[in-house]
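Let's take a friendly walk through this model, one region after another. Keep the structure open beside you as you read.

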Amino acid sequence: MPPDRPRSARLVLVAVTSLAILSAVAFMTLDAKGPWSFILTHRGIRLAALITVAYAIAVSTVLFQTLTGNRILTPAVMGFDALFLLLQTSLVAALGGAGAGAIDPRLLFSVECLAMVGLSGLLFRLLFRGEGRNLPLVVLSGLLFGALFRSLSSFLQRVMDPNDFLVLQGRAFASFNVVDPSLIGVAALLAIAATIIVLPRLAELDVLVLGRDRATGLGVDTARLSAIVFAVVAVLVSASTALVGPTTFFGLLVANLAYLLIPSAQHAKVLPVAIGLAIVTLVGGQMLLERVLGFGTALSIVIDFVGGVTFLLILFRSGRR
Amino acid sequence: MTVPPRPLLLGTLLIATALLAAASLLIGGGYAWSDVLTLEGDGALILAASRVPRTLALLLSGAGLAVSGILMQMIARNRFVEPSTAGTVESASLGILLTLLLMPGAPVVVRMLVAALVALAGSALFLMLIARLPLGSVLMVPLVGIMLGGIFDAATSFLAYRFDLLQSLGAFGSGDFSIVLRGRYEFLWIIAGLVAVAYATATRFTILGMGEAVAVGVGLDYRRLVVFGLIIVSVVTAAVVVTVGAVPFVGLIVPNVVSLFLGDDLRRSLPVVATGGAVLVLASDVVGRIVIAPYEIPVGTIMGVVGSLGFLTLIFWRRGHAA
Amino acid sequence: MIEIDKVCKRYGDTLVVDTVSLAIPRGGVVGIVGPNGAGKSTLLSIISRLMKSDSGRVLVDGLDVMKTPGRELARRLSVMRQENHVAARLTIRDLVAFGRFPHNRGRPNRDDQERVAAAIAFVGLDAMADRFLDQLSGGQRQRAFVAMALAQDADYALFDEPLNNLDIHHAVSMMRLFRRMGDQPGKTVVIVLHDLNIAATYADRIIVMQNGRVVGDGAPSEVINGHLLSEVFRVEGDVIEIDGRRVVSVAP
């Protein structure tokens, strides 16, 4: 291996980590008015949420792109957020606003996560049976299921009692500014569980980059690996969606930046860099928007927009080669 | 499967259209039969001001969107392309928002024109993007289109947020024909003209669908024809979005189903596609008005459900074939 | 030994592999030839467990390919398919290093590095070992993938039409390489080929497939003859001998 590379990868990692820590500190301390105890809890909770979301999105996107062998796609297109919305809507429609409101949101969240993993597993198995290695098919189906679920939710919302709809609005439409703090703990736990599952498999995932057949030829159980990692992706995406709502292009932005910085695409290096970049973007971005530009509530929109433009640029560049 | 001859198919569809149109005119009641027959009184008013325009709007939109779909499929050479999977609808919405921002007092015509222009640009961008995809990635094409649509959506949301227009945004989100009134929908008539033009030039588009090499070889001006087709699609999309909002998947389902029976010769299939589109949208509206009467479910939502299920069926059906 | 036992594979209504039974013992170069659609690639995919057969089974050194864990099989059998596009930006060295994965599961040691270097040298790419794959010509990329198969060091190396898109010079270099691989004790190379002359020159044994069946099996001198040309490939031509090698000449 040429002498430069391990050194430059390490440099990148150190730089990104430092920036991440810096932005976290700045988020907590910049422009702080009022008693520290209040600030610590208030900002601390939001910081925790942002970091968890950054982690979840970065990891799920990188893993998803490895699974699909495609850097243009993100798990957000799989319609998980739409499924989430549909589950919430059906629950409220079935139990009524009061009934649904009585359930502990954490329990609800865990059950919904399980349901999402279950359903994504079904989708996965359905499509991968019979040597269907057609990944665009899987993704497009996910997208269409998403459209289906969104329309069904729309339909149910029209049909339900307006009071129930108000309850739904309160629960189902999370954003970067409306985070349910009780969910952060569960989401963080899920993120840790995901890490534990994925960590020993990083080497195998590296091999997957060569394509399914070659990976199988080298002794990787691609079917099993893909199923497990797909489930992990589903869990992470549902965690982040439950916390802050859908984020379509953010993961794309962060993942591709990470590949730019770490061209060897080794997961052990790419993942930490992606996570660091995600934290810097979210925490730093929120701080910038809130305290410098005064667009406090626009984080998801801005990020989506920037991410989307990046997506276009990537597409253009990939074609030129 | 024996293919029913075209006249039979067309005839069936026309009858279906007539029946559905009648249903559309009559559902909701609100007047006495005598009013209808004498063309006087409240009944006649409701008919003239609301029901007839609504039914006509449905017919025109359905036909226009279906034809737009098949034209785009010829241009992009991909079965799954249509205004809502190529970013056309979303760029039209962006165009409308821009007019709200920059020319708030502008008449509807101007709104429509700007929307058509932005839709044209958006569709052109889409074509440029898919030209860069590796060959054979059939399903990547609509994926890219949907994601492109998402970007335009994000841009629109951002501008709406920034300039406090988020509420107006909701208004042209999902296609809703309940707002159609006499005096508010007439622009849709341009669709009739455009469909006629498309029919007249149908053979050229069929050739276009075989690729640039073939088209040029036969002596067609490829670029001009593509732009021409995109203009038709953009104007139709803009007209529909401005008048009633987004109605997804019509241009996807109808052409694909029709091509199963009649193949891809546009001259033969265009009338059937147009009528099929009208039937689909009419039927969706009728269902939407019956299911939770007296409340309505917008056509956009119904097409969202029907269309996504249909699309899923299509891609699984065609999975065995090389699309 | 690779034992193929009554393997069948169906695509829709067509029987693409029709009850094929073969035994491929260790050592040497085996060529598989046949007209388009004969089932050669499918058979190779089934042997290498990339595809499931509808019936029958394949044993590699006594291990059932569908039932043996991937990592175990990958040490004995390697396969190289036709297309050689990789999404990630890898250098030759990165790529060939993957060939050691069945042995080190992602934790390379000194021995692995040496084998990787040796494999790259074997195919003649050591001068550009740190170049990226997309900077190489088609032939060079093909050789890089062969080096990866070499590094995998399996007892049975399968190659599916590895000479496609190579000019005659590179095709011959590649076949010489395969010949050297097959000459190593205990190593077997199985290649699907289109060019009958190349098969005749380099293979120890040629298996002929047609319509999913094995219709010929033996040394080139036994198999490459007029019957092969007229009945299997349905062309007119002559088979002559030059320097003890069978040579096919097709009538225009």
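## Two helices that cross in chain B

This is a predicted model. A good place to begin is chain B, where helix α12 (residues 250–262) and helix α13 (residues 266–291) have axes that come within 9 Å and cross at roughly 135 degrees. An angle over 145 degrees would count as roughly antiparallel and 65 to 115 as roughly perpendicular; α12(B) and α13(B) are therefore oblique to each other. Their crossing is right-handed.

Which residues meet at this crossing? From α12(B) come B:Val250, B:Ile253, B:Val254, B:Pro255, B:Val258, B:Ser259 and B:Leu262. On the α13(B) side they meet B:Arg268, B:Ser269, B:Val272, B:Val273, B:Gly276, B:Gly277, B:Leu280 and B:Val281. By type, the residues of this contact divide into 10 nonpolar, four polar and one charged.

## A loop leucine in chain B

Staying in chain B, have a look at B:Leu220, which sits in the loop between α10 (212–218) and α11 (222–243). Is B:Leu220 buried, exposed or partly exposed? There are 16 other C-beta atoms within 10 Å of B:Leu220. Being buried takes 20 or more and being exposed 12 or fewer, so B:Leu220 is partly exposed.

What does B:Leu220 touch, once neighbours within four places in sequence are left aside? Its contacts are B:Arg204, B:Ile207, B:Ala215 and B:Leu225. You can also find B:Leu208, which is 12 residues from B:Leu220 in sequence and 8.5 Å from it in space, C-alpha to C-alpha.

## Where chain A touches chain C

Now for the contact between chains A and C. Chain A gives 19 residues to it, and chain C gives 23 residues. On the chain A side, the elements that supply two or more residues are α8 (202–208) and α9 (212–217). The chain A residues that touch chain C divide into 10 nonpolar, five polar and four charged.

## Chain C as a whole

Chain C is built with 10 helices and 12 strands. Its radius of gyration is 18 Å, close to the 18 Å that the globule rule gives for 252 residues, so chain C is as compact as a globular protein of that length. Along the principal axes, the C-alpha atoms of chain C fill a box of roughly 50 × 40 × 35 Å.

Of the 252 residues of chain C, 44% count as buried. How far apart in sequence are the residues that chain C's contacts join? Among contacts between residues at least 6 apart, 64% join residues at least 24 apart.

Notes: Residues numbered from 1 in each chain as written. Chains lettered and ligands numbered in written order. Predicted model: local features only at pLDDT ≥ 70, side-chain atom pairs only at ≥ 80, totals over all residues. Helix = DSSP H or I, 4+ residues; strand = E, 2+ residues; numbered from the N terminus. Rg over C-alpha atoms; globule rule 2.2 N^0.38 Å. Contact = placed C-beta atoms within 7 Å. Nonpolar A, V, L, I, M, F, W, Y, C, P; charged D, E, K, R; others polar. Axes fitted to C-alpha atoms, helices over the stretch in contact; angles between N-to-C directions. Parallel < 35°, antiparallel > 145°, perpendicular 65-115°, else oblique. Left-handed = near helix turned anticlockwise from the far one by under 90°.
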